[in-house]
Amino acid sequence: MNTSQQAHDRTRMFARVLGPFIVIVCATAVLRASDMRTLLSDFSANSAWPWVSGAFILIGGLVIVALHQHWHGPPAIIISALGWLVVVRGVFLLAFPDTFMSLADNIIGATAWWTAVCVVAALVGVYLTYVGWAPEHHRPTADATNPSRDVTPAA
C-alpha cells in the first residue's frame with residue numbers, strides 16, 4: 001500500500017470518529033442551550049475540572065496531530081486543523097483556565113452566535129461522517145501485464 005493510500009485511509013478513520021462526535025456534541029449543545037450557563041458555572045466552580053479536562057483534551061489533540069499529519073484535500077485539512085485546535089484548547093484549559101472560562105462565558109452569552117457556530121460545526125461533522133463511512137467506489141483498472149485477460153477464448 002502506497003503512502004498516499006495510507007494517508008487517505010487514515011483520514012477516513014479519523015473522519016469516522018470525529019464526524020459523528022462533532023454532530024452529536026453540537027446537536028446536544030444546541031438542544032441543551034438553556035443548560036449551558038449552569039454547566040459552565042458548575043464546571044468552573046472546581047479548579048480540578050478544567051485541569052483534568054484540559055489534560056484529556058490535550059492528549060486527544062496530540063493524538064490527532066501525531067497520527068494525522070496530512071493537509072491534502074478538504075477532509076484531511078479539516079481533521080488536521082481540528083487536531084491543532086483541540087491542542088490549543090487543552091493548553092488553554094491547563095495554563096489559563098480563568099481566561100478560558102471568561103471567554104466561554106462571553107460566548108455562551110451570545111447564544112445566537114454560538115448556536116450558528118454549532119450548526120456550521122455540525123454540518124462539518126456530517127461531511128466528515130460521510131467521508132468516513134460512505135463506501136469507496138474503486139474504478140476497475142486494466143491489467144497492463146495481461147491485456148488478453150478480458151478476451152474470451154475462441155472455441
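Where in the chain does His 68 lie? I would like to start there and then work outward, keeping in mind throughout that what we have above is a predicted model.

His 68 is found in the loop that runs between α3 and α4, and, although this is a loop position, the residue is buried, because its relative accessible area is 2% and the cut-off for that class is under 20%. The side chain of His 68 is joined to that of Ser 80 by a polar contact of 2.9 Å. If we set aside the neighbours within four places in sequence, the residues in contact with His 68 are Arg 10, Thr 11 and Phe 14, together with Ala 76, Ile 79 and Ser 80.

Let me put that loop into the context of the whole chain. The protein chain has six helices and zero strands, so that what one reads along the sequence is the pattern α-α-α-α-α-α. Of the 155 residues in the chain, 26% are buried. When one considers the contacts with a separation of 6 or more, 76% of them are accounted for by residues 24 or more positions apart.

Staying with α4 for a moment, I would point you to Gly 83, which lies in that helix. Is Gly 83 buried or exposed? Gly 83 is buried, since its relative accessible area is 0%. Not counting residues up to four places away in sequence, Gly 83 touches Gly 61, Ile 64 and Val 65, and its C-alpha atom is separated by 7.9 Å from that of Val 63, a residue 20 positions away along the chain.

Two serines are worth setting side by side. Ser 53 is in helix α3 and counts as buried, because its relative accessibility is 18% and the class takes values under 20%; with residues up to four places away in sequence left out, Ser 53 touches Phe 43 and Leu 93. Ser 41, by contrast, has its place in helix α2 and is partly exposed, with a relative accessible area of 40%. Between the C-alpha atoms of Ser 41 and Asp 105 there are 8.7 Å in space, while in sequence these two residues are 64 residues apart.

Now to the aromatic side chains. How many aromatic pairs does the structure hold? There is one, and it is formed by Phe 92 and Phe 96, in a tilted arrangement with 5.4 Å from centre to centre and 50° between the planes. Both partners fall into the partly exposed class, Phe 92 at 36% relative accessibility and Phe 96 with a relative accessible area of 43%.

Finally, I come to the largest pocket, whose volume is about 1,700 Å³. Its lining is made up of 34 residues, and those that lie nearest the centre of the pocket are Val 25, Cys 26, Arg 89, Phe 100 and Cys 118. Which helices supply at least two residues of that lining? The answer is α1, α2, α3, α4, α5 and α6, each of which does so. As for the character of the lining, when it is sorted by class it comprises 29 nonpolar residues, three polar ones and two charged ones.

To return to where I began, the point I would leave you with is that His 68, in the loop between α3 and α4, is a buried residue whose side chain has a polar contact with that of Ser 80.

How values were computed: Residues numbered from 1 in each chain as written. Predicted model: local features only at pLDDT ≥ 70, side-chain atom pairs only at ≥ 80, totals over all residues. Heavy atoms only, no water. 1 Å grid on protein atoms, 1.4 Å probe; cavity = no way out; pocket = protein on both sides within 12 Å on 5 of 7 lines; lining within 4 Å. Points joined across faces, edges and corners; volume = space filled by probe spheres on them. Helix = DSSP H or I, 4+ residues; strand = E, 2+ residues; numbered from the N terminus. Nonpolar A, V, L, I, M, F, W, Y, C, P; charged D, E, K, R; others polar. Buried < 20%, exposed > 50% of the residue type's maximum accessible area, 1.4 Å probe, protein only. Polar contact = N/O pair within 3.5 Å; in protein donor to acceptor, adjacent residues only side chain to side chain. Contact = heavy atoms within 4.5 Å. Phe/Tyr/Trp six-rings, centres within 6.5 Å; stacked < 30°, edge-to-face > 60°.
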